Amino acid sequence: MVMETIGPKAFIHLDRLRSNLWNIRRHIGERPLLCVVKANGYGHGAVPIAKTICHEPGVHLAVFSLDEAMELRRNSIENNILIFCRMQPEFVELAFKHDLTLNLSSLDDITYLKEFISRTGQSPRFHIKFDTGMTRLGVDVSDAETVFDDVASIEGINPEGVYSHFATADEGDISYAEYQLSQFKTAVKMAKSYNINFKYIHCSNSGSVLNLPQSYFNMVRVGMLLYGVAPSSEVTMDIPVEPVMSFCGSIVQLRRVPKGTQVSYGGVYSTDKETNIGVVQTGFADGFPRSWYEDGVVSYKGQQFKIAGRVCMDQLMVDFGDETPRIGDDVLFFGKKDLDHLPAERIAKSIGSTTYVLLTAIKGRTKYIYLK
Ligand SMILES: Cc1ncc(COP(=O)(O)O)c(C=O)c1O
């Protein structure tokens, strides 16, 4: 197989990941940090991301699926790993075998744990998740007494943690997050009367790390901030972080065209003067946000150039004006590299999307290049 050097590339700046982690840590104090590496580490590569931070003090990891957790274990990641998805009876055994931490998010889940404990005499690690207003996975706070009663009645059970998830912590108005927090506190307080003492209590995400220090408890859960990107355009980024991913693509052809030349599908872009049109080898099949073509730009050698016409499946065109870029050079789509800086936040805002969608969309033929 020939190793192509042209095409889409995600440069992953692992040094920035490490310094983002430390800057978050300086902000939150000594608490353990539950680093979210689900969805292939938010599109950055779960294994290299986890390997870069796994030996930092107090780092725990969280993923969504059992498969994601197993991939980390297969790659010798030994940290605690919390699995966010709904517990399934058939994976309790495997989770126990690999010392993974399960999510108890429904009263039914207690039955699965009870069955395993009575059969083996051992308890898998698990955290109880309360739904405090997201209306997603989680035990209703109104069922807190029932869940604690049931759990307390099982000999040998090991509820290691308790948590909840905010719906609006990254918004300007945090009143709903404050309501969720008070619901969570009610549940946590109730556990004490059942003599349940959780080692880990966590309720934060990136939005609340920035917005709501009251949500830190004794463990802080964080995803997007680690990757150096704002969770929304409404939060004030008062923790210094830098984007870990720089998404780029190579220029493979340049042609001089006259004024009035139509570019790409639908002919929605027409040159307004004689200009250089570059063909860049990256398309929406590689995770490029297709709708960004309308107001979209790429950055090349510190200058921004307009995306010309609709983004195709494998390629997009750029209007370079009188600039003559070198064939084979990369343009930057988002991130920060050399002289180029184009925040993913700007694209997300412009196309009515989110930074989460942009980062996790990276796929197709994108080559990952890890920079130490
Ligand atoms: C349960 C849970 N906790 C934490 C996070 C991390 O959120 P963020 O990336 O905003 O920090 C997520 C992400 O979606 C999540 O689903």
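## Ligand contacts

A backbone N or O atom of G223 lies 2.8 Å from an oxygen atom of the ligand. The model is predicted, and the distances given here are computed from it. Two side chains also make polar contacts with the ligand. In Y42, a polar side-chain atom is 2.6 Å from a ligand oxygen atom. In R221, an N or O atom of the side chain lies 2.8 Å from a nitrogen atom of the ligand.

The ligand is surrounded by 14 residues. The closest of them are K38, Y42, S206, R221 and Y356.

## The largest pocket

The largest pocket has a volume of about 620 Å³, and 28 residues line it. Nearest its centre are K38, Y42, R136, H165 and Y356. Of these names, K38, Y42 and Y356 also appear among the residues closest to the ligand.

Several elements each give at least two residues to the lining of this pocket: the helices α2 (38-43), α9 (206-211) and α11 (355-360), and the strand β10 (220-222). Helix α2 provides the largest share, 3 residues. Sorted by class, the lining of the largest pocket consists of 15 nonpolar, 8 polar and 5 charged residues.

## The cavity

The structure contains 1 cavity of 30 Å³ or more. About 50 Å³ of space lies in the largest cavity.

Its lining is made up of L34, H60, N80, L82, T101, H127, E160, Y200 and M219. By class, the lining of the largest cavity has 4 nonpolar residues, 4 polar residues and 1 charged residue.

## Strand β14 and its partners

Where does strand β14 stand with respect to the rest of the structure, enclosed or open? Strand β14 covers residues 275-281, and 6 of its 7 residues are buried, so the strand is largely enclosed by the rest of the structure. Buried here means under 20% relative accessible area.

Strand β14 pairs with two strands described here. With β11 (residues 245-257), β14 pairs in the antiparallel sense over 7 bridges. One position in this pairing is given by L254, whose bridge partner in β14 is G278.

The other partner is β17 (residues 316-319), which runs antiparallel to β14 and is joined to it by 4 bridges. In this pairing, V280 stands opposite L316 of β17.

Note on methods. Residues are numbered from 1 along each chain as its sequence is written. This is a predicted model: local features need pLDDT of at least 70, side-chain atom pairs count only at pLDDT 80 or more; totals for chains, interfaces and linings use all residues. Side-chain values use heavy atoms; hydrogens and water are left out. On a 1 Å grid over the protein atoms alone, a cavity is a set of points where a 1.4 Å probe fits but cannot get out, and a pocket is an open set with protein on both sides within 12 Å along at least five of seven lines; lining residues have an atom within 4 Å of a point. Grid points are joined across faces, edges and corners, and a volume is the space filled by probe spheres set on the points. Ala, Val, Leu, Ile, Met, Phe, Trp, Tyr, Cys and Pro count as nonpolar, Asp, Glu, Lys and Arg as charged, and the others, Gly among them, as polar. Buried means under 20% relative accessible area, exposed over 50%, partly exposed in between (1.4 Å probe, protein chains only). Two strands pair if DSSP finds at least two bridges between them. A residue is near a molecule or strand if one of its heavy atoms lies within 4 Å of it. A polar contact is a pair of N or O atoms within 3.5 Å; within protein, one must be able to donate a hydrogen and the other to accept it, and residues adjacent in sequence count only if both atoms are side-chain atoms.
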